[in-house]
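Please examine the sequence and the structure shown below. The paragraphs that follow lead from one residue to the helix that it meets.

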Amino acid sequence: MPSALWRLGVVLGVPLGLAESEYDAMLIPGWRYLVLPLLSAVQEALAFLTLGLVRPWGEVWPRWIPRLRGHRIPVHAAVVPAALGAVACTVYGALFVRTTLHADMEVTQWGEWLMNACYVPMVAWGPLPAVVTVHYYRRRTRGRTHADGDRR
């Protein structure tokens with residue numbers, strides 16, 4: 001959430017301690033008011049889906065989905081996208097750290113502190129869903145054989 005709020009601040013022109021050239025570099029011409037809010041919305045939607053790995057609604061299709069409602073969600077239908085997302089978030093976090101350490105940005109000291117405070121939680125976000133994904137897999141496959149899915 002903090003990084004999404006920071007990006008929305010960039011779009012709205014909130015003074016975040018950045019030089020005008022930095023705002024121009026972050027906002028893609030022609031897409032100025034669309035890309036960063038969409039990125040933030042997608043990020044938050046995917047983060048919300050992570051809750052399905054720890055809540056009952058992540059094991060059964062919701063009532064509003066025709067033909068699937070009430071059926072159990074196949075384990076791999078949740079585990080594979082969650083694992084790929086965890087890997088992607090981990091890579092993103094590592095790239096963020098590398099980029100931040102090697103960046104030559106025109107930013108005030110408090111602006112750099114604010115940006116890092118908003119983005120540091122994303123560094124932990126990759127490993128955390130990985131742990132939750134493993135737990136989801138173990139919980140859903142406990143007591144099943146791999147051949148036919150029957151209980152032992």
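In which helix does serine 3 lie? In this predicted model, serine 3 belongs to helix α1, which comprises residues 2–12. Its relative accessible area is 1%. Since buried means under 20%, serine 3 counts as buried. When neighbours within four places in sequence are set aside, the contacts of serine 3 are Gln43, Cys118, Tyr119 and Met122.

Of these residues, Cys118, Tyr119 and Met122 are listed among the buried residues of helix α5. The other buried residues of α5 are Gly111 and Met115. A general rule of helix geometry helps in reading such a list: an α-helix has 3.6 residues a turn, so residues three or four places apart point the same way.

Helix α5 itself runs over residues 109–125, 17 residues in total. At 1.5 Å a residue, a span of 24 Å is expected, and the C-alpha atoms at its ends are 25 Å apart, which agrees. The helix nevertheless contains a kink of about 30° at cysteine 118, shortly before proline 121. Cysteine 118 is also one of the residues in contact with serine 3.

Asparagine 116 is a further residue of helix α5. Is asparagine 116 buried or partly exposed? Its relative accessible area is 21%, and asparagine 116 is therefore partly exposed, the limit for a buried residue being under 20%. Beyond the residues up to four places away in sequence, asparagine 116 touches Phe96 and Thr100. Although asparagine 116 and serine 3 are 113 residues apart along the chain, their C-alpha atoms are separated by 9.1 Å.

Terms used. Residues are numbered from 1 along each chain as its sequence is written. This is a predicted model: local features need pLDDT of at least 70, side-chain atom pairs count only at pLDDT 80 or more; totals for chains, interfaces and linings use all residues. Side-chain values use heavy atoms; hydrogens and water are left out. Helices (H or I, at least four residues) and strands (E, at least two) are DSSP runs, numbered from the N terminus. The expected span of a helix is 1.5 Å times one less than its number of residues. The bend at a residue is the angle between axes fitted to the seven residues ending there and the seven starting there. Buried means under 20% relative accessible area, exposed over 50%, partly exposed in between (1.4 Å probe, protein chains only). Contact means heavy atoms within 4.5 Å.
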